[in-house]
Amino acid sequence: MDRELLKRVSRSFYLSMAWLPPAMRDAVALAYMLARATDSVADTSTAAVQDRADALRRMAGVIAGAGEENPAALCQTLADRLAPAQDKPSEAELLRRFPQLLQELDAAPEAQRGLIRGVLATIIEGQLWDLTYFTADCTAVADDAMTDLYAYRVAGCVGEFWTRLGRAALGEAFCPAAREEILCQAAVRYGKGLQLVNILRDMQEDAARGRQYLCSDPAVWADRAERYLADGIDYARRLGGFRLRFASMLPALLGIKTLRLIRARNGTARVKIPRRAVYASMLRAAWCACTGASIS
């Protein structure tokens, strides 16, 4: 795994991944890099929607190990046609490195490989819906259930993956077997909460692109996101070991800070957490991870 490329494409999430126990760190990083690669394809605005959808379906096939898809032909398409269209050099490089990601996936332990393939299948399903649902005649979700399902497919499923992977890699050191299912449920809510923060943060920008992910009061969704993030903090506190608790808690603390900035936002300015606030969240996560204290 190229740690430098990972750091360049993962933004704040790298802060969490770097602290994970080694037994699950590489699998989480690989799943993230694969998801970032598919997301880069989905977001290639200069390519036709149908071309991006076709590429995503082909990526889903090779990640799943489906024999009918030719990995070499797909990788050539990514390198020659989609990588040059990326705005960020790091994402162009990520698409050119897709063959190496597939090699790392093939080399992963069987249990981890199955979990990575499962979560990527769900994520790509969400990306395909996002790419093809919105049209000139359809610019908004039909109901709240659609918002909730989308949030699960692109983020809630990651919480479940994180938990299943932790149990597979670390066993009782991650969490007792008896708690796995209830922790999975909390982790799904946690992931959906993080995605709802993204949706709330980007509402004006998405609306300008003809995409409205909420059809009811945003304030209600903000309250729901806050509850889900609180579930995420409680989830993190129940994990074994400082590294796990810290890595799992930090995104929730950053999400809560972002949510507060969204609520206080004036106009359409994009909110961004100041660097000092990121450091403060890291210190708070470290203290809570050490002491097991709750976030008041």
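Which residues have the most contacts inside the largest nonpolar core? The points below start there. Bear in mind that this is a predicted model.

1. **The core.** The residues with the most contacts inside the largest nonpolar core are L34, F98, I116, L120 and Y235. The core holds 95 residues. Helix 3, covering residues 22–42, gives the most to this core. The helix puts in 13 residues.

2. **I116 and its partners.** Take I116, one of the residues with the most contacts in the core. Neighbours up to four places away in sequence are not counted here. I116 then touches A27, L30, A31 and L34, along with L105 and F161. L34 is thus named twice: as a partner of I116, and among the residues with the most contacts inside the core.

3. **A buried glutamate.** E91 sits in helix 6, which runs over residues 89–96. Is E91 buried or exposed? E91 counts as buried because its relative accessible area is 11%, and the cut-off for buried is under 20%. Setting aside neighbours within four places in sequence, E91 is in contact with V9, R11, R36, S40 and Q86. These are the residues to display when looking at the surroundings of E91.

4. **The second largest pocket.** Its volume is about 150 Å³. Two elements give two or more residues to the lining: helix 4 (49–64) and helix 5 (71–82). Helix 4 gives the most, with five residues. The lining consists of A47, D51, R52, D54, A55, R58, T77, R81 and L82. By class, five of these are charged, three are nonpolar and one is polar.

5. **Cysteines.** How many disulfides does a search of the whole structure find? The count is zero. C138 is in no disulfide, and the nearest cysteine sulfur, that of C215, is 11 Å away. C157 is also without a bonding partner, because its sulfur is 12 Å from the closest cysteine sulfur, in C184, too far for a bond. A disulfide needs the two sulfur atoms within 2.5 Å.

6. **Where two cysteines lie.** C138 is partly exposed, with a relative accessible area of 21%. That value matters for the label, because buried means under 20%. C157 has a relative accessible area of 5%, so C157 is buried.

Notes:
Residues are numbered from 1 along each chain as its sequence is written. This is a predicted model: local features need pLDDT of at least 70, side-chain atom pairs count only at pLDDT 80 or more; totals for chains, interfaces and linings use all residues. Side-chain values use heavy atoms; hydrogens and water are left out. A nonpolar core is a set of buried Ala, Val, Leu, Ile, Met, Phe, Trp, Tyr and Cys residues joined through side-chain atoms within 4.5 Å. Buried means under 20% relative accessible area, exposed over 50%, partly exposed in between (1.4 Å probe, protein chains only). Helices (H or I, at least four residues) and strands (E, at least two) are DSSP runs, numbered from the N terminus. Contact means heavy atoms within 4.5 Å. On a 1 Å grid over the protein atoms alone, a cavity is a set of points where a 1.4 Å probe fits but cannot get out, and a pocket is an open set with protein on both sides within 12 Å along at least five of seven lines; lining residues have an atom within 4 Å of a point. Grid points are joined across faces, edges and corners, and a volume is the space filled by probe spheres set on the points. Ala, Val, Leu, Ile, Met, Phe, Trp, Tyr, Cys and Pro count as nonpolar, Asp, Glu, Lys and Arg as charged, and the others, Gly among them, as polar.
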